[in-house]
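Please open the model in your viewer and keep the sequence panel beside it. The tour below moves from one selection to the next and says what is to be found at each stop.

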Amino acid sequence: MNQYWKDYQGDDESFWEHEWDKHGTCISTLEPGCYDNYSPQQEVVAYFQKAVDLFKTLDSYSFLAAKGITPSFTTIYSSASIMEALAAPRGVEVTIRCRNGELDEIWYFYNVRGSVETGEFVPTQPDGAKSNCPADVKYLPKTGTPPSTTVTSSTGTPPTGTPTPGAPFSGRGTLPVTSGGKTNGCIISGGTWYTTGTCATYTATASGDGFSLTSSKGKCAVTNSVLTCSASVTDPTIFTAVADKLAYDGATDFYTNSVPTGSVQAAISVQQQATTLSIGWKSS
């Protein structure tokens, strides 16, 4: 786990807890009643062990490199070529997911003959959410920095189009949500997505190279990968703006399981899920 299943934000235990709560608890063959001489937490160990064992068989880097696709700050690859390279070793397609045009996740699918712990995992075609990647994507190295570029101006002033940190998030405003190319509802005071009713008013306050957000419920933070605004938040997240959209860790894509309807509110996550959305700003 410490080698193969790391949290990109450095909070491994919270990430593992989230994975078990969201995925492991849904597996019927891991119910305690399925075990002879059950020991507490035995099913948790089985879930994570099987996930790591499967991961070791899925050398995505080598699958791609075999087709001449390697991480690069400058080369652009087609989504089709990436998916073809990943499908070749297993004989079935995969789903790829992107953030801001960059390859971010690869989803492999299996049917299980028997239990998760002892059954046979048979590669199968994707089911559920499809790839959200554009036709051409970046496949970036995990470490290092991209080549620097220099912009000069003969007047000594910033060139036209240079972004101002936080702009347009400043003062008071609402957070409209765009999904599927259409504006649909907004983020309400607790940090959830609501498609009916009145939008909550937020205050954007400059902080360092970005800004924090506060609603009537309190300060806002991404906690355990979920956006939350609450009086219990003492360490607010510092967001930035990219192309007039709210950005977290430089990415403007946020996620939820499905588009909320009626009185339903949807939790907003930075971990990829079925529905992708972006969050804008409308000054009050």
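What follows is a walk through a predicted model, beginning with the whole chain and then turning to strands, rings and charged side chains.

**The whole chain**

Begin with the protein chain shown as a cartoon, where four helices and 19 strands can be picked out. Along its principal axes the C-alpha trace spans about 70 × 45 × 35 Å. If you colour by accessibility, 38% of the 284 residues count as buried. Of the contacts between residues at least 6 apart in sequence, 56% join residues at least 24 apart.

**The five-stranded sheet**

Next select the strands S10, S9, S8, S18 and S17, which in that order form an open sheet with antiparallel pairing. The edges of this sheet are strand S10, residues 193–194, and strand S17, residues 254–256, each of which pairs on one side only. Now narrow the selection to strand S8 (residues 176–179) and strand S18 (residues 275–279), which run antiparallel and are joined by two bridges. For a single point of reference within this pairing, show Thr178, whose bridge partner in S18 is Ser278.

**Strand S7 and its two partners**

Move on to strand S7, residues 171–174, which pairs over three bridges with strand S11, residues 202–207, in the antiparallel sense. Here Gly171 has Ala204 as its bridge partner in S11. S7 also pairs with strand S19, residues 282–283, again in the antiparallel sense and over two bridges. To locate this second pairing, select Thr174 together with Lys282, its bridge partner in S19.

**A loop residue between S17 and S18**

Select Gln273, which lies in the loop between S17 and S18. Is this loop residue, Gln273, buried or exposed? Gln273 counts as buried, because its relative accessibility is 10%, and the cut-off for that class is under 20%. With neighbours within four places in sequence set aside, Gln273 is in contact with Lys22, Arg97, Tyr255, Thr256 and Asn257. For a sense of scale, draw a line from the C-alpha of Gln273 to that of Val44: the two residues are 229 apart in sequence and 23 Å apart in space.

**Aromatic rings**

Now display the side chains of Phe, Tyr and Trp, among which twelve aromatic pairs are counted. One of these pairs is formed by Tyr35 and Tyr38, which are tilted, with 5.9 Å from centre to centre and 50° between the planes. Tyr35 is buried at a relative accessible area of 12%, whereas Tyr38, at 31%, counts as partly exposed. Another tilted pair is that of Phe211 and Phe239, with 6.4 Å between the centres and 35° between the planes. This second pair links distant parts of the chain, since Phe211 belongs to strand S12 (residues 210–215) while Phe239 lies in the loop between strand S14 (226–230) and strand S15 (240–242), 28 residues apart. Phe211 and Phe239 are both buried. Keep them selected and add Phe169, Tyr248 and Trp281, and you will have the cluster that ring pairs link together.

For a charge beside a ring, go to Arg90, whose charged end sits over the ring of Tyr110 at 4.9 Å from the ring centre.

**Charged side chains**

How many salt bridges are counted in the model? The count comes to two. At the first stop, Asp12 forms a salt bridge with Lys6, and the closest N and O atoms are 2.7 Å apart. Asp12 is buried, with a relative accessible area of 12%, while Lys6 is partly exposed, with 45%. At the next stop, Glu120 forms a salt bridge with Arg113, with the closest N and O atoms 3.5 Å apart. Glu120 is partly exposed at a relative accessible area of 44%, and Arg113, at 57%, counts as exposed.

Finish at Lys50, which lies in helix H2, residues 42–56. Lys50 is buried yet has no salt bridge, and Asp53, the nearest side chain of opposite charge, is 5.0 Å away. The reasoning here rests on the cut-off, because a salt bridge calls for the nitrogen and the carboxyl oxygen to be within 4 Å. To see the surroundings of Lys50, select Val116, Glu117 and Phe121, which Lys50 touches when residues up to four places away in sequence are not counted.

Methods
Residues are numbered from 1 along each chain as its sequence is written. This is a predicted model: local features need pLDDT of at least 70, side-chain atom pairs count only at pLDDT 80 or more; totals for chains, interfaces and linings use all residues. Side-chain values use heavy atoms; hydrogens and water are left out. Two strands pair if DSSP finds at least two bridges between them. Rings of Phe, Tyr and Trp (its six-membered ring) pair if their centres lie within 6.5 Å; planes under 30 degrees apart count as stacked, over 60 as edge-to-face and the rest as tilted. Buried means under 20% relative accessible area, exposed over 50%, partly exposed in between (1.4 Å probe, protein chains only). A charge sits over a ring if NZ of Lys or CZ of Arg is within 6 Å of the ring centre and within 35 degrees of the ring normal. Lys and Arg count as positive and Asp and Glu as negative; His and the chain ends are not counted. Contact means heavy atoms within 4.5 Å.
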